[in-house]
Amino acid sequence: MSEPSKVIHIRNVGHEIAESDLLQLLQPFGVVSKIVMLRAKNQTLLQMEDIHASVSALQYYTSVQPSIRGRNVYMQFSSHQELTTDQSSHGRNSDQESEPNRILLVTIHHMIYPITVEVLHQVFKAYGFVEKIVTFQKSAGFQALIQFHSRQEAVEAFGSLHGRNIYDGCCQLDIQYSNLSELQVHYNNDRSRDFTNPSLPTEQRPRASQQAYPDPANLYAFQQAGASYAQMGRAAMIAAAFGGTLPHGVTGTNERCTLIVSNLNNDKIDEDKLFNLFSLYGNIVRIKVLRNKPDHALVEMADGLQAELAVHYLKGAILFGKKLEVNYSKYPNITPAPDAHDYLNSSLNRFNSNMVKNYRHCCSPTKMIHISALPQEISEEAILNHLSEHGTVVNTKLFEVNGKRQALVLFETEEAATEALVSKHASTLEGNTIRISFSQMQSI
């Protein structure tokens, strides 16, 4: 396999394949930031927002043959680490552009969450006064016509929003100028709205055949303080991170935040090592190793969903020669005390930022670890010296992403990789505090 890159090279892209088809293939794994369609060669270069997304995509498509409109396409890492802005065709497709107009035609690609008039209004109102919105379903997918008060407002919205996602990793806006001069709105409801005439009737509820989308009130809430994007509810956001559905066996409804972890190797384990492992699945509030049962510990996660992910992925994992038991505790939380380690405000909590990306990389322990925040001049030998005490290293690979050194290290066993992660995450290597997570790649 080529050196990992944010840029994916796709071959056998026929002329019948549209940019939106490629987006739907890759967006379950992360945000697509740039696309170059090489029509003459039946090829495409597509840049993901980060290297973890491209690695996840290629790992998945090594076991599942990607196909678009009945045609198999083939993917590999590109020799390009970045696509330059002038290379990219993503964001402005000149052969489809009409004359600027105050009415925009918006198509939503990869719509795994319902989009209503309220969602669209929340997104577009940041660029001017939105007079009318009409939504409808066509063969191209879910579409909307959005009428601004002035052409300039529509032009600004087009320039800022075309190619952007409403939600992180999905619901991408594909915008063109409409050739209509005025929208006709007869009802104010969840499918159409005239903001200049609030007295219009709401109409009876639509027939079942028309009701293509569930009530969005259960899925997300709006940011009211001037923000231009809707904010997903936590369960919906995590589902988006996992490609549209939660992992099999994860309900997303658990509200218990505190876990009891048993069968620990009490000679080798401590709170910080448990933090390094459980923080892969969510932010940690407190951890307490029980004095009367030193092979037991309580772990309090930030919310029930994160606790459920930890139970799902860690039950039965081997750590320091012992098979972990991870269950929900009868205690709702861990009372602050001198023997309870507090991590609530720790900068090492992984889910303080890039939350969707961190959910996307949740997995059970693997033989491969990914190391970031490495010193620029680090050598593979120095990495081996830092990690080899935890088990046999089969292979290592150093690479660079956006000028930052990272590494993949493949151990002989999952147990060795897990021990290395819990022991060396947040450790200091040549002056840098390194970060370690499991990689879902099978080989280097």
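The legends below describe close-up views of a predicted model.

**View 1. The open sheet of four strands and its edges.** The strands of this open sheet follow the order 2-3-1-6 and pair in antiparallel fashion. Strand 2 (32–38) and strand 6 (74–77) each have a single partner strand and stand at the edges, so one side of each is left without a neighbour in the sheet. On average, and with direction ignored, neighbouring strands of this sheet are turned by 20 degrees against each other. Strand 2 and strand 3 (residues 43–48) run antiparallel and are joined by six bridges, and Met-37 stands opposite Thr-44 in strand 3.

**View 2. Two helices packed on the sheet.** Helix 1 packs on the sheet through contacts with strand 1 (7–11), strand 2, strand 3 and strand 6, and its direction makes about 135 degrees with that of strand 2. Helix 2 (residues 51–63) also packs on the sheet, where it touches strand 1, strand 3 and strand 6, and the direction of helix 2 makes about 140 degrees with that of strand 6.

**View 3. The surroundings of helix 1.** Of the eight residues of helix 1 (residues 19–26), seven are buried, so this helix is largely enclosed by the rest of the structure. The buried residues are Glu-19, Ser-20, Asp-21, Leu-22, Leu-23, Leu-25 and Leu-26.

**View 4. The largest nonpolar core.** This core has 54 residues, and those with the most contacts inside it are Phe-278, Ile-369, Ile-371 and Ile-383. Helix 7 (residues 304–314) supplies the largest share of the core, namely six residues. Because domain 3 (258–344) and domain 4 (368–438) both give residues to this core, it lies between them. When residues up to four places away in sequence are not counted, Phe-278 touches Leu-259, Val-261, Ile-284, Val-299, Met-301, Ala-310, Leu-314 and Val-326. A second, separate core has 30 residues, including Val-13, Ile-17, Leu-26 and Phe-77.

**View 5. Ser-78 in its loop.** Ser-78 is found in the loop between strand 6 and strand 7 (103–109). With a relative accessible area of 6%, Ser-78 is buried, since the cut-off for a buried residue is under 20%. A polar atom of the Ser-78 side chain lies 2.9 Å from the backbone nitrogen of His-80. Ser-78 also touches Ser-5, Val-7, Ile-8, His-9 and Leu-45, where residues up to four places away in sequence are not counted.

Definitions and conventions: Residues numbered from 1 in each chain as written. Predicted model: local features only at pLDDT ≥ 70, side-chain atom pairs only at ≥ 80, totals over all residues. Heavy atoms only, no water. Buried < 20%, exposed > 50% of the residue type's maximum accessible area, 1.4 Å probe, protein only. Pairing = 2+ DSSP bridges. Axes fitted to C-alpha atoms, helices over the stretch in contact; angles between N-to-C directions. Contact = heavy atoms within 4.5 Å. Core = buried A, V, L, I, M, F, W, Y, C linked by side-chain atoms within 4.5 Å. Domains from an automatic or database assignment. Polar contact = N/O pair within 3.5 Å; in protein donor to acceptor, adjacent residues only side chain to side chain.
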